[in-house]
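Thanks for coming, everyone. Please take a look at the structure on the screen, and I will walk you through it.

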Amino acid sequence: MCDDSTVYVECLSVDRLGVNITWRTQLENIPTASLPDLHDIENAIVGENLIGAFINEIKDGVFLLHLDSKQFLADSVIDFPRDEEFDLSPRVQLGCRSGFRRISSPGKAGPNSQGCVVCPPGSYFQDDECIPCPLGYYQYQTGHSSCIKCPVGKTTNSYGAISSDHCVTSCQSNEQGLQCDEDGQYRPAQQDPDTRKSLCVDSFGAALDWTQTEDLLTDDQCLVLRKFERVPASSLIYGSEEAQILQSQSIGGDLQSTYFQCISGCEREDDCGFATVSPAGTEVLCELYSAAEANFNCTTSGLVQGVLGNPAATSISGLSCLLRVRSPERDALMVYLKRGQEFNSFGPKAFERTGFQNVLSGVYRSMVLPGSSQTDAQLLCRQECSRDSCCDGFILSQLLLDGGTILCSLLSSPDVLICNAKGWSPTPTSAMGGMCNGVSYDEKEKRFSFTLGGQVFSGTSQLMEEAGRNFTAFQEIYLWRDSDMVTRMETSLCEAAALKTKDDLTLSDSTKDLFYLMDNSQIQSDQNYSLPFQQYWIFRQKYSAEEALLWCLTRCAQEEEFCRMADLQNATDKYFVCILYPEAQICDSSIDQIPGNCATVLPWQPQTLYHKIVTLKSSVKSFYTRVPFQKVTEFSVRNKTDMSRKAVSDGFFECERWCDADPCCTGFGFFNDSQLSGGKIVCVTLNSLGIQTCAEETTSAWHISNCSSPDAEVKIHPFGWYQKPADLKSTIPNLCPPVSFQLRPESEYVDAWQPLSVSSVLMDSSISNFEVVHVSRDISNDFSTARDFCLSACSKNQSCVVVTLEIQPSAIRCIFYPDTQICRHGLQGHSCWVLLKEPAAYIYRRQDLLLPIEESDSTPRAYIPSHGYLMGKSQVIHIGSEWRNISQFLGVPYAAPPLGERRFSPPEPTAWEETWNATVARAACWQPGDGEAPSQSVSEDCLYLHIFVPDTTVKNMSVLVFFHNGGSYSAEEGKTTLDGSYLAAVGNVIVVTANYRVGVFGFLSTGSAEVSGNAGLWDQLAALRWVQQNIASFGGDPSRISLGAERGGADVTSVHLLTETAGTDLFRRLLLMVSSIPASASPAL
C-alpha cells in the first residue's frame, strides 16, 4: 500500500502545519455488476491496523512531526473527504487505476453503480478515457498509456488497430489488384488485368506506361527501368553539337527488344545522365549521354521572394529543364532520363546521397517548386549548387502542398547531419526529435511549421490536419563529394551562409564524467547482427575532435532510454561519425559465473567507444512480482552482478533498481547459491524469462516436467525469479536484442493434435491433476512458437492428453492435462467432453487417444411429442475418484399454470411448441410460511418438474419420481431445492422431482364444484402421467417407474394407495419415508 501513498505538508499559519496523508491500494478488476459490499474493504483501510492505529497515535499525543529543528504536536482534528462520485463511505474513496476508465452499470443509477473497465487493445489511456489508436498506430495490450507506431512505410486502414499485423503497406491495402512482394512492397513487375500485358510500376504503385510490353518482364528488369523516365519530344533540344556523348553503339534487334539493353548500360555508368535509342538501318543505335551540365538547360520564371514564412525562400512557378541531344528531330528517337535521385555527378560537382534527411544548420537559400517533377527539381538543384562556390550540397524535399510541392534548400558548411533514414528516431521531446519528426501543427492557429538546416518554414494547409507526420513524402541530403569546406578561404558571403543555429547542444567537459571508455578487445563486431542505432555526421570545419566527442556524448546523455554507448569514428577528412547504441551486452545462461561470459556485440567495429555509467535511482519505480515457478529454462541473461557484500534486503532492492534502469530488462533472478547465510548472492537481470515450469502452488503428483532436478528446488524468500510488469517493459520495436529460442520444438507434432471448440469442454475447478507452464512472450511473441513447444512437450509423455493455451501480457500460459474425458451414451447417441481446470482460448487434444469428440452442438435435448424439443444443460459431478456427466432438464411444465380461473381446479394440459428452455429451474409452489420468500423462488405458477439423466450405456433406465416435503423453495434463483444429479449418477437411474400445490392452494375444499379440494393430489397424478408418456424420450423405461416421497410429501403421496391410481401402470414401486399409512395397506416394495 505504501508504494503509491503520499504525505503532503503545508503551512496553515506561522506555527501550524497541515499534514495530508493518503493511503492508496489497488483492487483487482471486478465486473461492474459484481461490485462487492465495500464494508470489509473500508474496515481494512480505516480499521484498527492502519488508519485507526494512526488516529490513536494522534489522540494519545505521541505523534510528532519534526521539521526544520522544530517539533509539531498533532491535534485530534481529523477530516476524511467524501467520495462524491461513488457515493460511498466518507472515509474511503474509490477510483480507477491507470489504464482503466469509469463506467456505470446498465439500468443502475444508485450508489455503487459505477465501476472500472480496462482500456481494451487498440486504445490508450489518457485523461481517464480510453482513446482509439490513431491511424498508423496499434496497441495489443490492455490498459496501456500509449500506442505503438507502425514501422516506417506502413500504416493502418482504420482507427483502433490491435496488432502489428494491422500495419500494412500501401500495396497490401491497394484496390487495383497489384501484387506485393514478401515485404509488402509493390512488385516492380506487374500485369495489366485487362490487356494481360507486362509493365513496371514505381515504388508507390504508379504505372510506368512506357514500359508496357507483350513480353514478360521480370522484377530485376523493372528495378532497372524504375530508375528512368521517358522524356517527351517537347523536352528535347535536337541537333545540339555541344551535347556530350559518353558512348555510342549499334545493337541488333528492334526498338522494343533492345531499349532495355541500352538503359541497362546507362544504369551501370555513374557518369551517364540519359540514354537515347533510335533506328539505324537494320540495327538500333544506343547513345549514352553524360550527366554534365552541358547536356541540360534549366530555366525558371515567376519568381516570388519570401514564401512559406521564410525570407530566404523563393517560389518558382515556372521550371523548364530541356535535354540536349545531337540527333536531328525524328519521331523514332526515344530518350530515357535517369530519375533525379539516381544522379551521382553533374557538371563540375559530383554529389552523393547521404541517407540523412536534415542538418542542424547550413541552409542559406531555398527554392519552392510547386507542381514540378522531382527529376526537374533535382536538375535545377544540382545546377544552382554547381554554379555557387559556397554551396556544399542541398536538401531535396517533397511536400504534400498544392499537389506535391518540391523544396530545394542549398547548404553551405553544414555542421551536423541528423535524422538518418535507417537510424533510430531521436526522443520526440528533444529539439532534434522535433526536427526529425518533420512538420508540427498548431491546432489553435491552424498553422504548420518545420525546420530545415536551421531555417524555419511555416504556412497554412487543410491537408496538414489529415496528413500529420506524412506531410513530407520524400526528403534527403545530397553532399558535394569533393567539397573544399574544410580548406577553402573564408569569405563574407560564405561565412554569412554558414552561421550556426541557436539550437546547438551545450557542450561541457563534465559530460565525460557520465561515461567510461570501453576496452575494444572485449567488443565483437558482426555485420549480420541487427541492432538499432542513431548516426550523425559531425563536420570538422565546425567541431574539433574534442568538441565532436563532447557533442556525441551529450547526445547520448539526452537519449535516456535509448542510448547506453557512444562511438566516435574518425571517418573522413571532412567529418566525424557519431554512432549511438542501446545496451548490446549478451551473456551466457549461467547464473553462477560472475561476471561470466558477457560480450558486447555491435554491427560495426568501434573506434572510440564510451559506455554510459548507470546511476541507480534511490527508489524502485516498478512493482516486481515473484514468478510462481521453481524452474526457469531457456532464459536470456542481460547482466550479472555479485551482491554478496551487501545485506540481503539491500542487494534485492539494488537488483530491482538495475532492472528499472534498463528498458530492455524483463525481470531478474536473485539467488543464494547455498540458500544459507554467507552464501554467494547473485543478481541476474534478464532479456527473457524463458520457459517457466514446476509451479510452486500446485500439489499435483502428476506432471510431465522434471521437477526433481537441483535447479527446481524451492527458493526461500526473497530469493527466486521476479518479473517486471508487462506495461512497464519497453514497447519500442527492435530496441532490445532479439532472444533466440534454442530449444526448437518439433513442428511435426502439430499434426497429431485436434483443436477443440469451447462447446467440447466443461469447466471443473476442482481438478487436481494438471501442470502449468509459462512460455515468455519475449521468446514466443509468435504464438505458434509457444504452441509448438507445448504440444511437442506433451507428445513426449504418454499420459499427457490435453493442452490449453492462453495469451497473457507477459507469457503464453500452457496447461497440460492427463485424460479428463467423460463420455455419454444416451439421448443423443455418443457424446464426449473434456474437463478443464480453467477456461482457455486455445484447446488441443491428442487425436491418437480416447474416443472422438463431436464438434456439433453438445447441448442435451429431448423431443416431446405434440410440443417440441426440451433444451437442457450438462453438469459434471465428482463420484469418488471418477467424473460423471449429468443431463439436467429443469423447469419442465407438466400442466398449465393454475392461475385465475384455474386456481383450486385440477391441472389442465400445458401448451408449448418448438423449443422449451429447460436450463433454469422455475419457482416452487407457495405455502403458508413462505411470505418473505423471494418472488422468483415461490409462485402460484409452479407446476414444473426437473429431470436428471445420467451418462450411461444402460438402455431403458429405471425411473424414480420423487415428491418433496411441502412447498420448500431454493433461495438461489434458477436452482432446484432437491438436486437429483448425485442419485442419478450413483444409481444409473433417471431421477424426476416434481412440484405440486400444497396448503390452501392444494387442499382447500368448500364442498362446492369450484373448490372441490385435493388439487395437490391431482397435480401428482398429472406429473405421473406426463412421466409415463414422455420418459422414453430421455432413455427411461415407462414400465419401471418408482414413486418416492418423504415426510409431508409421503403423507400426501401415500393416499394414492387408497385410490384408483394404485391399480394403474403409472408406477410400479413405492418408497415412503415417515408415512402415516399402515404398512398393511402398502404393496410389497
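**The second largest pocket**

Let's start with a pocket. In this predicted model, 25 residues line the second largest pocket. Nearest its centre lie Tyr-516, Glu-583, Gln-585, His-611 and Asn-639. Which elements give two or more residues to that lining? There are three strands and a helix: strand E39 (598-602), strand E40 (609-612), strand E43 (636-642) and helix H10 (648-661). E43 gives the largest share, with four residues. And how much space lies in the second largest pocket? About 590 Å³.

How do we look for space like this? A probe the size of a water molecule is rolled over the atoms, and that shows where empty space is left.

Now step back to the whole protein. It has 1085 residues, and 48% of them are buried. Count the elements and you get 15 helices and 67 strands. Next, the contacts. Take those in the protein with a separation of 6 or more: 68% of them are between residues 24 or more positions apart. The accessible surface of the protein is about 52,900 Å². Carbon and sulfur atoms hold 49% of that surface.

Last stop: a patch on that surface. Val-7, Val-9 and Val-19 make a nonpolar surface patch of about 230 Å². Look at Val-9, in strand E1 (residues 6-13). Is Val-9 buried or partly exposed? Val-9 has a relative accessible area of 37%, so it counts as partly exposed. A patch residue needs over 30%, and Val-9, at 37%, therefore meets that cut-off.

How values were computed
Residues numbered from 1 in each chain as written. Predicted model: local features only at pLDDT ≥ 70, side-chain atom pairs only at ≥ 80, totals over all residues. Heavy atoms only, no water. Patch = residues over 30% accessible without salt bridge, like charges linked within 9 Å, V, L, I, M, F, W, Y side chains within 5 Å. Areas by Shrake-Rupley, 256 points an atom, 1.4 Å probe, with all protein chains shown as cover. Salt bridge = Lys/Arg side-chain N within 4 Å of Asp/Glu carboxyl O. Buried < 20%, exposed > 50% of the residue type's maximum accessible area, 1.4 Å probe, protein only. Contact = heavy atoms within 4.5 Å. 1 Å grid on protein atoms, 1.4 Å probe; cavity = no way out; pocket = protein on both sides within 12 Å on 5 of 7 lines; lining within 4 Å. Points joined across faces, edges and corners; volume = space filled by probe spheres on them.
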